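Visitor: Hello! Could you take me through a single part of this molecule, slowly and closely?

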Amino acid sequence: SVLIGTVEKLPMLADAERAVQYLRIKINSDNPQHQFHTVTVGALIDRYTSEEMADSVREDTADSYRGILKNWIRPNWEGQTLESVKTMAFEKWLKTVPRSPGTRAHIRNMMHRLFNCAIRWEMTGRNPVDLVRQSSKRTKIPRVLTAEEFNKLLNELAEPHKTMVLVAGCLGLRISEILGLRWGDIDWGNLTVLVQRSVVHGKVYATKTEASLKPLPIDPELAEVLLLHRRQAVYVANTDYVFAGSNGKPRWQGIMLTDYIKPAAARAKIGKVGWHTFRHTFSSILHNAGTNMAVQRSEEHTSELQSLT
């Protein structure tokens with residue numbers, strides 16, 4: 001026997017039954033669940049967060065998932081049984097969510113992920129979200145800096161943030177990838193850098209995609225900037241982080257953005273910027289140059305971007 005909760009927390013029999021659904025699922029994990037009882041979306045969420053999320057989802061991504069589950073899916077679908085969730089009903093509800101198309105796409109994908117797990121756990125034989133349509137097209141065009149704005153921002157930044165922004169704008173890396181760079185990732189002889197990891201909130205993860213693991217060419221002038229940064233750095237071993245904090249560990253991206261990058265942008269009078277602004281700027285210049293997305297990081301166009309500075 002286990003303690004489920006107090007009478008105050010679970011005043012009705014139905015409340016208590018919902019609270020033990022996940023335990024019933026766990027007990028019957030070796031058997032098709034629909035043979036024993038109907039399973040609600042709430043019980044599915046409980047099992048997903050307890051088992052699947054804990055094992056296979058990065059912590060920062062898990063925080064985002066928990067927010068979607070708590071704010072949207074659980075309040076609206078928790079009491080529905082899996083079999084009662086219908087494609088058109090979910091699609092109609094999704095259109096009423098007062099959020100951007102991108103956020104609604106995240107909600108749709110989260111529900112789809114839940115039902116895929118339910119199929120694997122033999123709770124149901126269908127995924128009603130398969131045919132739910134939801135575009136993730138942006139309603140706003142991402143901010144892109146001009147060469148003049150980019151240089152104005154650099155002029156307002158001190159080290160190491162100046163070099164970090166330069167790397168972000170010239171190579172199009174995510175800030176998590178920049179924070180994960182180690183000196184040993186740079187091949188000075190061939191002028192390439194290999195992005196092998198990312199750092200989010202101080203935790204190290206593998207890169208997001210296989211494409212991230214391909215060597216990325218760097219311009220000789222950018223290499224010189226990085227060499228100068230290394231000569232001034234405290235941590236310079238191949239295993240040390242290129243932009244290590246005072247304790248040798250990776251820095252925190254949010255603090256740098258709030259305390260250094262945004263104030264510098266304000267002083268430069270170029271408007272609001274974020275780490276993704278530099279990535280969008282990189283992609284925009286390549287697009288304007290007529291570069292195919294599959295080869296955006298070719299040496300020729302990387303050099304063109306780096307010539308901005």
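Guide: Here is a close look at helix α5, followed by the cores and some salt bridges.

This is a predicted model, where local features need pLDDT of at least 70, side-chain atom pairs count only at pLDDT 80 or more, and totals for chains, interfaces and linings use all residues. Residues are numbered from 1 along each chain as its sequence is written, and side-chain values use heavy atoms, with hydrogens and water left out.

Let's begin with α5, which covers residues 101-120 and has 20 residues. Helices are DSSP runs (H or I, at least four residues), numbered from the N terminus. From its first C-alpha to its last, α5 reaches 29 Å, close to the 28 Å expected at 1.5 Å a residue; the expected span is 1.5 Å times one less than the number of residues. After α5 comes Glu122, whose phi is positive, near 60 degrees.

Now look at which of its residues are hidden. Buried means under 20% relative accessible area, exposed over 50%, and partly exposed in between (1.4 Å probe, protein chains only). The buried residues of α5 include Arg104, Ile107, Met111, Leu114 and Phe115. Their cover includes α2 (41-56), α3 (59-77) and α4 (87-96).

Next, the cores. A nonpolar core is a set of buried Ala, Val, Leu, Ile, Met, Phe, Trp, Tyr and Cys residues joined through side-chain atoms within 4.5 Å. The largest one has 41 residues, and Val165 and Phe278 have the most contacts inside it. Its largest share, seven residues, comes from α7. Apart from this core lies another, of 32 residues, and Phe115 is among them, as are Val39, Ala43 and Leu82. You met Phe115 above, as one of the buried residues of α5.

Finally, follow the chain to a salt bridge, which is a side-chain nitrogen of Lys or Arg within 4 Å of a carboxyl oxygen of Asp or Glu. By this rule the count comes to 12. In one of them, the side chains of Glu91 and Arg133 meet at 3.6 Å, N to O. This pair links distant parts of the chain, with Glu91 in α4 and Arg133 in the loop between α5 and α6, 42 residues apart. Glu91 is buried, at 4% relative accessible area, whereas Arg133 is exposed, at 63%. Elsewhere, Asp46, Arg74 and Glu78 are linked in a network of salt bridges; there the closest N and O atoms of Glu78 and Arg74 are 2.8 Å apart.

Technical notes
Helix = DSSP H or I, 4+ residues; strand = E, 2+ residues; numbered from the N terminus. Contact = heavy atoms within 4.5 Å.
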